[in-house]
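Welcome! Take a moment to turn the structure around on your screen, and then we will walk through it together.

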Amino acid sequence: MAEFMLLIRGGDDDTGTLSPEAAQQRIQKYVDWSRTLRDRGQNVGANELEAEGLLLRSRAGEIIVDGPFTEIKEGIGGYFHIRAASQDEAVDIAAECPVLDFGGAVEIRAIVQHS
């Protein structure tokens with residue numbers, strides 16, 4: 001089986017305006033989807049990411065720290081590390097991601113396996 005990283009982008013732009021019950025329902029969709037992937041042996045791990053982050057750059061050997069950057073519409077909000085038989089299967093798995101119901105996107109990246 002190959003491994004892929006599903007990067008969860010955008011979505012949930014109206015989370016701050018949702019009632020606590022509606023927000024919990026959205027969270028539950030992710031929990032249920034994650035559990036389904038785990039039950040199928042496809043979920044290696046997953047986490048939500050903080051809205052703010054830092055960016056490190058190297059300029060002429062000097063490390064420059066930019067940030068913190070606040071969340072942007074297409075920022076990465078979390079990730080799922082999955083197993084799939086092929087890229088096509090990874091696409092099928094990503095198509096089930098709840099973020100797609102909330103205006104977001106899923107970036108699919110194969111993880112390079114070094115022997």
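Across which strands does helix α1 lie? Helix α1, residues 20-39, lies across β1, β2 and β5. Please keep in mind that this is a predicted model.

A second helix, α2, lies across β1, β5 and β6. Here is how each helix runs relative to β5 (residues 76-84):

| Helix | Residues | Lies across | Angle to β5 |
|---|---|---|---|
| α1 | 20-39 | β1, β2 and β5 | about 20 degrees |
| α2 | 87-94 | β1, β5 and β6 | about 135 degrees |

Now for the sheet itself. Four strands make up an open sheet, and their order is β2-β5-β1-β6, with antiparallel pairing. The edges are taken by β2 (43-48) and β6 (104-110); each has a single partner strand, so one side of each has no neighbour in the sheet. On average, neighbouring strands of this sheet are turned by 15 degrees against each other, direction ignored.

Let us look at one pair of strands in that sheet. Strand β1 covers residues 2-10 and is joined to β6 by seven bridges, the two running antiparallel. As a landmark for your viewer, find Phe4, which stands opposite Ala110 in β6.

Finally, turn to the surface. Leu54, Leu56, Ile63 and Val65 make a nonpolar surface patch of about 430 Å². Two elements, β3 (53-59) and β4 (62-69), each give two or more residues to this nonpolar patch. Is Leu56, one of the patch residues, buried or exposed? Leu56 lies in strand β3, and Leu56 counts as exposed because its relative accessible area is 58%, over the 50% cut-off.

Definitions and conventions: Residues numbered from 1 in each chain as written. Predicted model: local features only at pLDDT ≥ 70, side-chain atom pairs only at ≥ 80, totals over all residues. Heavy atoms only, no water. Patch = residues over 30% accessible without salt bridge, like charges linked within 9 Å, V, L, I, M, F, W, Y side chains within 5 Å. Areas by Shrake-Rupley, 256 points an atom, 1.4 Å probe, with all protein chains shown as cover. Salt bridge = Lys/Arg side-chain N within 4 Å of Asp/Glu carboxyl O. Buried < 20%, exposed > 50% of the residue type's maximum accessible area, 1.4 Å probe, protein only. Pairing = 2+ DSSP bridges. Axes fitted to C-alpha atoms, helices over the stretch in contact; angles between N-to-C directions. Contact = heavy atoms within 4.5 Å.
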